[in-house]
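Colleague: I'd like a close look at one part of this model, the loop that you think repays the attention, and then at whatever it leads on to. Take your time and keep the cut-offs in.

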Amino acid sequence: GDYLVHNVAMCVQCHTPRTHDGLLLMDQQLQGAPMPVKSPYASTPFAFAAPHIAGLPAGWPEEEFVHFLQTGDPGDRPKPQPPMPPFRMNEADARAVAAYLKSLR
């Protein structure tokens, strides 16, 4: 899970706050952050911030979060806006990411 979050899915890049110099604040890892990039298209919806996902995103039971990572279907929740990728992880990877996030406070 750690490897996937930091090196493959790169969740840490948007969901972790940065210093004024753009360095990740690892003591606030995955605590939610303003989006570090702006939309390249003025007419395209784009997230202003990435939510806190350490411990699992608020209100997401683990099974629903795993399903989301596998299918991109957020269920009854609003669909994430770009630049959030529409992940289609296999079950083992989705469960590893959920377990890793759940282990963080």
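Modeller: I'll start with one loop, go on to the core and a helix pair, and end with some backbone oddities.

Some ground rules: this is a predicted model, with pLDDT of at least 70 needed for local features and 80 or more for side-chain atom pairs, while totals for chains, interfaces and linings use all residues. Residues are numbered from 1 along each chain as its sequence is written, and side-chain values use heavy atoms, with hydrogens and water left out.

The loop I'd pick runs between helix 2 (11-15) and strand 1 (33-34), and glutamine 29 sits in it. (Helices, H or I with at least four residues, and strands, E with at least two, are DSSP runs numbered from the N terminus.) Threonine 16 belongs to that loop too, as does leucine 30.

Start with threonine 16, which counts as buried because its relative accessibility is 1%; buried means under 20% relative accessible area, exposed over 50% and partly exposed in between, with a 1.4 Å probe and protein chains only. Its side chain has a polar atom 3.2 Å from the backbone oxygen of valine 12, and the threonine 16 side chain also reaches the backbone nitrogen of leucine 30 at 2.9 Å. Leaving out residues up to four places away in sequence, threonine 16 is in contact (heavy atoms within 4.5 Å) with Leu24, Leu25, Gln28, Gln29, Leu30 and Ala33.

Glutamine 29 is buried as well, because its relative accessibility is 17%. Its side chain makes a 3.4 Å polar contact with that of tyrosine 100. Such a contact is a pair of N or O atoms within 3.5 Å; within protein, one must be able to donate a hydrogen and the other to accept it, and residues adjacent in sequence count only if both atoms are side-chain atoms. Beyond its neighbours within four places, glutamine 29 touches His6, Thr16, Ala54, Tyr100 and Leu104.

Leucine 30 is buried because its relative accessible area is 0%, and it takes us into the largest nonpolar core, where Leu30 is one of the residues with the most contacts among 22. A nonpolar core is a set of buried Ala, Val, Leu, Ile, Met, Phe, Trp, Tyr and Cys residues joined through side-chain atoms within 4.5 Å. Helix 4 gives the most to this core, with five residues.

Phe65 is another of the best-connected core members; including Val97 and Leu101, its partners beyond four places also take in Trp60. That brings up the packing of helix 3 and helix 4, at about 130° with axes 9 Å apart. Axes are lines fitted to C-alpha atoms, for helices over the stretch in contact, and angles run from 0 to 180 degrees between N-to-C directions. Helix 3 and helix 4 are therefore oblique to each other; under 35 degrees counts as roughly parallel, over 145 as roughly antiparallel, 65 to 115 as roughly perpendicular and the rest as oblique.

Now the oddities. Most residues other than glycine have a negative phi, and most peptide bonds are trans. Leucine 30, though not a glycine, has a positive phi of about 60°. Leucine 56 does likewise, at about 100°, and lies in the loop between strand 2 (49-50) and helix 3. Proline 82 and proline 83 are joined by a cis peptide bond, omega about 15°.
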